[in-house]
Amino acid sequence: MSGATPTEQISSWLASLDAVISRGDADGAAALFHETSYWRDLVSFTWNITTAESRVAIRDMIAGAVIPAKPSRWRLEGQGSLVEGAIEGWIRFETSIAQGYGHLRLIDGKAFTLLTTMTELKGFEEPKGAQREKGVEHGIYPGRKSWLERRREEEAELGISKQPYVVIVGGGQGAIALGARLKRLNVPTIIVEKNERPGDSWRKRYKSLCLHDVVWYDHLPYLPFPDHWPVYSPKDKIGDWLEMYTRVMELNYWASTECKSARFDAAKKEWVVEVMRNGKPITLRPKQLVLATGMSAVPNMPAVPGMETFKGDLHHSNRHPGPDAYGDKKAVVIGSNNSAHDIAAALWEVGADVTMIQRSSTHVSRSETLFELGTSKLYSEEAVNAGITTEKADLIFASIPYALLAQRQKPIYVKMRERDAAFYERLRKAGFLLDFGDDESGLFMKYVRRGSGYYIDVGASELVAEGKIKLKSGVEVSRIKEHTIAFSDGSELPADLIVFATGYGSMNGWAAELISQEVADRVGKCWGLGSNTRKDPGPWEGELRNMWKPTHQEALWFHGGNLHQSRHYSLYLALQLKARYEGMATPVYGLQEVHHLS
Ligand SMILES: Cc1cc2nc3c(=O)[nH]c(=O)nc-3n(C[C@H](O)[C@H](O)[C@H](O)COP(=O)(O)OP(=O)(O)OC[C@H]3O[C@@H](n4cnc5c(N)ncnc54)[C@H](O)[C@@H]3O)c2cc1C
């Protein structure tokens with residue numbers, strides 16, 4: 001297509017795709033892709049979150065999922081453009097039941113990456129804009145109910161005389177974002193949360209915590225933060241925002257309600273969920289169960305000989321009450337990732353004598369550097385001014401298949417090393433074991449591969465470098481005694497407080513706790529890509545395991561992640577639930593195999 005503009009090239013490619021798919025020609029459609037190419041589908045064809053990697057896999061997906069979905073009206077939205085050697089553009093399409101949106105990259109006339117996403121189900125569009133509710137019925141009607149009366153009625157009935165279709169266990173930001181989408185889609189949903197108020201999962205964290213991510217990355221669906229909101233939100237402010245959001249989005253949020261157990265009644269195809277609401281047992285019978293109990297919430301607590309003999313306070317970081325009671329104490333923090341740094345710094349601030357124990361290397365990115373070299377391209381005031389809305393940013397990010405992400409992240413870390421060389425040198429001199437990921441791809445890849453192994457520096461690293469937070473690295477804890485803690489190198493430290501900031505297990509641990517070990521094993525490990533790097537064993541999966549998509553347990557879903565992921569992927573999970581609520585056929589293509597149990 002020499003001489004054709006980017007817009008013409010994309011339009012012509014889409015017309016070819018439309019033609020071959022319409023005549024059911026999977027081979028012809030696959031021929032429009034490079035041998036090494038990627039088609040990432042978020043629910044629109046596969047009722048799954050999956051990436052076909054290679055022309056062969058794409059051909060199979062076209063035959064197995066795309067052609068049966070009867071796509072049509074493929075078209076370019078706006079103009080195509082040339083970016084870093086690829087012609088790219090935003091696309092729209094339809095299937096027989098849904099509207100779709102996506103992103104295409106062409107190299108030499110053939111597709112290199114294609115992202116397709118479902119945006120709405122035909123006939124079940126969200127009532128927004130011109131379709132919004134009127135809110136008032138003009139006229140005079142006897143027995144008319146006000147909005148408040150109808151709302152109270154819904155609250156009184158749902159879960160008591162009327163069963164919800166979905167129960168979401170855990171009421172943090174993940175559940176709240178998903179709940180808001182389900183509410184707009186009119187899917188009866190109850191969120192159960194053991195804390196007293198929405199937002200408490202943030203409020204209960206240590207008092208100096210501010211979000212590590214910038215405000216542009218953190219918006220909830222539908223209702224962005226006002227534009228004076230601070231760049232890094234203090235955690236109690238986020239707590240209040242979540243509480244306000246829950247209220248104005250009219251979520252059926254059962255606070256002070258703990259889920260005690262759940263079991264799937266296969267005959268009735270429904271869950272039997274036992275909850276304790278304000279001390280009173282209630283049985284809920286939803287058709288779908290979502291665990292939004294926090295991706296990092298099943299604590300890894302090592303069993304150290306002598307632990308039970310310790311006379312001071314000893315707990316996992318998830319139970320750490322904050323520094324206030326430890327101002328004049330000797331504190332030992334085991335671990336060197338985010339929580340360990342934050343806890344150690346907060347303890348140092350109140351005057352505690354703190355030692356951090358580092359067993360193996362950690363990646364550290366300085367917060368400003370990470371923002372400037374990484375996040376700001378898509379999530380910043382400049383990005384917003386350049387027309388990159390949050391939704392666009394989410395989709396641009398989603399358009400890069402995980403298989404290509406590590407390679408694309410590496411240059412950021414080459415620059416980071418150069419820019420912060422003096423900082424890293426100071427840390428190394430203090431004995432800190434640093435890394436940039438097994439393949440030098442840095443922080444975000446560690447996050448998606450293993451959800452750990454890094455610290456976003458908001459000040460604690462300087463304390464380590466200056467020796468204000470003492471550091472013992474390259475050792476393991478070998479024994480705990482009444483007033484001391486002993487290490488593999490033979491040394492021993494006095495301690496009044498020991499905090500194990502040793503991370504968390506996979507989310508299917510929640511299924512083991514609430515449902516059964518058998519179900520936890522059936523669905524397997526959550527999160528991670530199978531990159532065959534530390535704590536992310538292969539084989540390669542291409543997508544995060546089990547997140548926001550069907551699992552090997554019917555009607556069981558996992559939702560979580562950071563604010564960006566909660567916002568973006570809650571859409572696709574909500575659409576999957578809505579389709580089932582409406583009784584639509586949802587044939588799942590490419591359900592992931594289970595390779596690891598935890
Ligand atoms: C220190 C720290 C800093 C972080 N900073 C950021 C950041 O800057 N940006 C970002 O995007 N992410 C950040 N994260 C990561 C992530 O966004 C948060 O952990 C976030 O709280 C996850 O939301 P969630 O809804 O998935 O889980 P959670 O907020 O953990 O919510 C899960 C909820 O489930 C409830 N629950 C558990 N079991 C039950 C049960 N049986 N019955 C009823 N309720 C139950 C819990 O009480 C809890 O409220 C940070 C995490 C930590 C620990």
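**Note on the predicted model: central sheet, ligand shell and helix α8**

1. In this predicted model, V169 stands opposite L291 of strand β13. The two strands concerned, β7 (residues 166-169) and β13 (residues 288-291), pair in the parallel sense, and their pairing runs over four bridges.

2. That pairing belongs to an open sheet of five strands, ordered β9-β8-β7-β13-β26, in which the pairing is parallel. At the edges of the sheet are β9 (253-254) and β26 (556-558), each of which pairs on one side only.

3. The ligand is surrounded by 33 residues, and the closest of these are G170, G172, G174, G294 and N562. Two or more residues of the shell come from each of the elements α5 (173-184), β10 (257-265) and α9 (338-349). Sorted by class, the shell around the ligand holds 15 polar, eleven nonpolar and seven charged residues. In terms of domains, at least three residues of the shell are drawn from domain 2 (148-298 + 505-581), and at least three from domain 3 (307-500).

4. Helix α8 (residues 235-248) can be checked against its expected length: at 1.5 Å a residue, its 14 residues should span 20 Å, and the C-alpha atoms at its ends are 20 Å apart, which agrees.

5. Which residues of α8 are buried? They are I238, G239, W241, L242, Y245 and T246. Viewed down the axis of α8, the buried residues fall within an arc of 165°, and therefore they line one face of the helix. R247 and V248, on the other side of α8, are exposed. As a general point, an α-helix has 3.6 residues a turn, so residues three or four places apart point the same way.

Methods: Residues are numbered from 1 along each chain as its sequence is written. This is a predicted model: local features need pLDDT of at least 70, side-chain atom pairs count only at pLDDT 80 or more; totals for chains, interfaces and linings use all residues. Two strands pair if DSSP finds at least two bridges between them. A residue is near a molecule or strand if its C-beta atom, placed from the backbone, lies within 6 Å of it. Ala, Val, Leu, Ile, Met, Phe, Trp, Tyr, Cys and Pro count as nonpolar, Asp, Glu, Lys and Arg as charged, and the others, Gly among them, as polar. Domain bounds come from an automatic or database domain assignment. The expected span of a helix is 1.5 Å times one less than its number of residues. A residue is buried if 20 or more other C-beta atoms lie within 10 Å of its own, exposed if 12 or fewer, and partly exposed in between; C-beta atoms are placed from the backbone. The arc is that of the directions from the helix axis to the C-beta atoms.
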